[in-house]
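Trainee: I am new to this structure and would like to understand one part of it properly. Please take a close look at the core with me, and explain each term as you go.

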Amino acid sequence: MVLTGVNSKALRKGSAEPPLAAGAFRVYNMRFCPWALRAMLYVAAKGIDAEVINLNVTDKAEWYFKKHYLGKAPAVEHDGNVVIESGFIPEYLDDAFPESRILPTDPFEKVQQKLLADRLTAVSFLLFFRHSVFAWENFTTKQIDSW
Ligand SMILES: N[C@@H](CCC(=O)N[C@@H](CS)C(=O)NCC(=O)O)C(=O)O
């Protein structure tokens with residue numbers, strides 16, 4: 001598994017859409033975003049070769065709205081499809097790459113996993129706010145640009 005572009009500069013308004021090679025798998029990421037990290041962790045855990053495009057979601061690139069109607073991170077692009085929402089991306093990845101399935105298939109276990117994911121989302125949301133939004137004055141477009 002190779003993740004390329006993890007440390008690439010965050011793209012913002014005015015940037016050009018990076019060309020996507022045929023058959024390439026792409027993750028639209030925002031650094032330090034817990035929802036984007038969820039997508040990145042699943043892609044890495046499943047061993048998918050992926051190109052990571054970092055986004056500045058405080059100054060969104062115009063072209064990105066063609067991928068995500070709200071311009072949020074994360075999203076994954078694969079075989080001409082863009083899948084959004086960190087809660088749905090793992091399910092998509094397991095269906096598209098069943099050879100490295102992570103999520104349970106048993107109906108009861110599936111529900112337990114979703115309940116756990118919901119509970120953990122609430123925790124990661126609180127941590128994200130504690131570390132970024134409560135320090136919003138330091139969380140500027142300029143700072144994200146320098147990541
Ligand atoms: N429900 C979404 C939330 C994603 C989200 O809010 N991402 C933030 C970055 S941490 C974002 O893109 N914010 C920009 C915006 O809200 O316009 C998911 O789970 O994928």
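**A close look at the core**

Mentor: Happy to. The largest nonpolar core has 24 residues, and those that touch the most other members are Val 27, Ala 36, Ala 39, Val 43, Leu 55 and Ala 73. A nonpolar core here means a set of buried Ala, Val, Leu, Ile, Met, Phe, Trp, Tyr and Cys residues joined through C-beta atoms within 7 Å. At least two residues of this core come from each of strand S2 (26-29), helix H1 (34-45), strand S3 (50-54), strand S4 (75-78) and helix H2 (89-96). H1 gives the largest share, six residues. Helices (H or I, at least four residues) and strands (E, at least two) are DSSP runs, numbered from the N terminus.

Before going on, please note that this is a predicted model: local features need pLDDT of at least 70, side-chain atom pairs count only at pLDDT 80 or more, and totals for chains, interfaces and linings use all residues. Residue numbers start from 1 along each chain, as its sequence is written.

Now for "buried": a residue is buried if 20 or more other C-beta atoms lie within 10 Å of its own, exposed if 12 or fewer, and partly exposed in between, with C-beta atoms placed from the backbone. By that rule, 23% of the 147 residues in the chain are buried. As background, nonpolar side chains tend to be buried together in soluble globular proteins.

Leu 55 is a good residue to visit. Leu 55 sits in the loop between S3 and S4, and it counts as buried because it has 27 C-beta neighbours inside 10 Å. Leaving out residues up to four places away in sequence, Leu 55 touches Ala 10, Leu 11, Tyr 28, Asn 29, Met 30, Ala 61, Tyr 64 and Ala 73. Touching means contact: two C-beta atoms, placed from the backbone, within 7 Å. Leu 11 is 44 residues from Leu 55 in sequence, yet their C-alpha atoms are 4.7 Å apart. Ala 36, with the same residues left out, touches Asn 29, Met 30, Ala 73 and Pro 74.

Next, look at the sheet beside the core members. Its five strands form an open sheet with mixed pairing, in the order S1-S3-S2-S4-S5. Strand S1 (3-4) and strand S5 (81-84) stand at the edges with a single partner strand each, so one side of each has no neighbour in the sheet. Two strands count as paired if DSSP finds at least two bridges between them. S2 and S4 run antiparallel and are joined by three bridges; the partner in S4 of core residue Val 27 is Val 76, while Arg 26 is bridged to Glu 77 of S4. S4 and S5 also run antiparallel, with four bridges, among them one between Ala 75 and Ile 84.

Finally, H1 lies across S1, S2, S3 and S4 and runs at about 155° to S2. The axes behind that angle are lines fitted to C-alpha atoms, for helices over the stretch in contact, and angles run from 0 to 180 degrees between N-to-C directions.
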